[in-house]
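Visitor: Please take a close look at one part of this predicted model, namely the second largest pocket. Which kinds of residue form its lining?

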Amino acid sequence: MSADHVTTAPGRDLVDVRGPRFAAALTSAVLAAVLVTGNPWPLAAQAAVFAAGAADPRWSPYGWLFRVAVRPRLGPAREFEDVRPPRFAQAVGLAFAAVGLVGYAAGPQWLGVAATGLALAAAFLNAAFGYCLGCEMHLALRRAAG
């Protein structure tokens, strides 16, 4: 079994914690470019990446790039996390990207800027500080559900 997909118990898939942070860094760059240029096309591409990540972050384009080009240069992973919180975070990112695209395409423009800015803030928190806001939301919702 590869080290980027480790199963410790039935239904418990784990991922190298560095992968989602790498993806968050790329996401931050894309979202910043959208805000700087006002061009919604990179946001549409990011929405597709979020959709793939919501299915499984390991197989999204950024997850693939991490696994193929970055991880081999970093050495073995020492820390893993459950894949479900990052999947949820990607779904939340997709929702914000969708709202942003509506704002850019149909208006109001501020809605596109605001949704993109909020998604950027969340991605930057993960990339820079390792704090995944969407992951924390997932855990809080699970605790609340019992």
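Guide: The lining of the second largest pocket divides into eight nonpolar, two polar and three charged residues. These make up the 13 residues that line the pocket, and about 200 Å³ of space lies within it. Nearest the centre of this pocket are Glu81, Asn126, Gly130, Cys132 and Cys135. Helix 1, helix 4 and helix 6 are the elements that each give two or more residues to its lining, and helix 6 provides the largest share, three residues.

The largest pocket of the predicted model offers a point of reference, with a space of about 570 Å³. It is lined by 33 residues, and Pro86, Ala89, Gln90, Asn126 and Cys132 are the closest to its centre. Asn126 and Cys132 thus appear in this central group and also among the residues nearest the centre of the second largest pocket. Two or more lining residues of the largest pocket come from each of strand 2 (12-16), helix 1 (18-37), helix 2 (41-55), helix 3 (61-74), helix 4 (84-106), helix 5 (109-129) and helix 6 (133-145). By residue class, the lining of the largest pocket comprises 21 nonpolar, eight polar and four charged residues.

Helix 1 and helix 4, which contribute to the second largest pocket, also give two or more residues each to the largest nonpolar core, as do helix 2 and helix 5. That core has nine residues: Leu31, Val34, Leu43, Ala47, Phe50, Ala97, Tyr104, Ala119 and Leu120. Its largest share, three residues, comes from helix 2. Within the core, Leu120 touches Leu31; Ser28, Ala32 and Leu35 are further contacts of Leu120.

Note on methods. Residues are numbered from 1 along each chain as its sequence is written. This is a predicted model: local features need pLDDT of at least 70, side-chain atom pairs count only at pLDDT 80 or more; totals for chains, interfaces and linings use all residues. Side-chain values use heavy atoms; hydrogens and water are left out. On a 1 Å grid over the protein atoms alone, a cavity is a set of points where a 1.4 Å probe fits but cannot get out, and a pocket is an open set with protein on both sides within 12 Å along at least five of seven lines; lining residues have an atom within 4 Å of a point. Grid points are joined across faces, edges and corners, and a volume is the space filled by probe spheres set on the points. Helices (H or I, at least four residues) and strands (E, at least two) are DSSP runs, numbered from the N terminus. Ala, Val, Leu, Ile, Met, Phe, Trp, Tyr, Cys and Pro count as nonpolar, Asp, Glu, Lys and Arg as charged, and the others, Gly among them, as polar. A nonpolar core is a set of buried Ala, Val, Leu, Ile, Met, Phe, Trp, Tyr and Cys residues joined through side-chain atoms within 4.5 Å. Buried means under 20% relative accessible area, exposed over 50%, partly exposed in between (1.4 Å probe, protein chains only). Contact means heavy atoms within 4.5 Å. Lists of a residue's contacts leave out its neighbours within four places in sequence.
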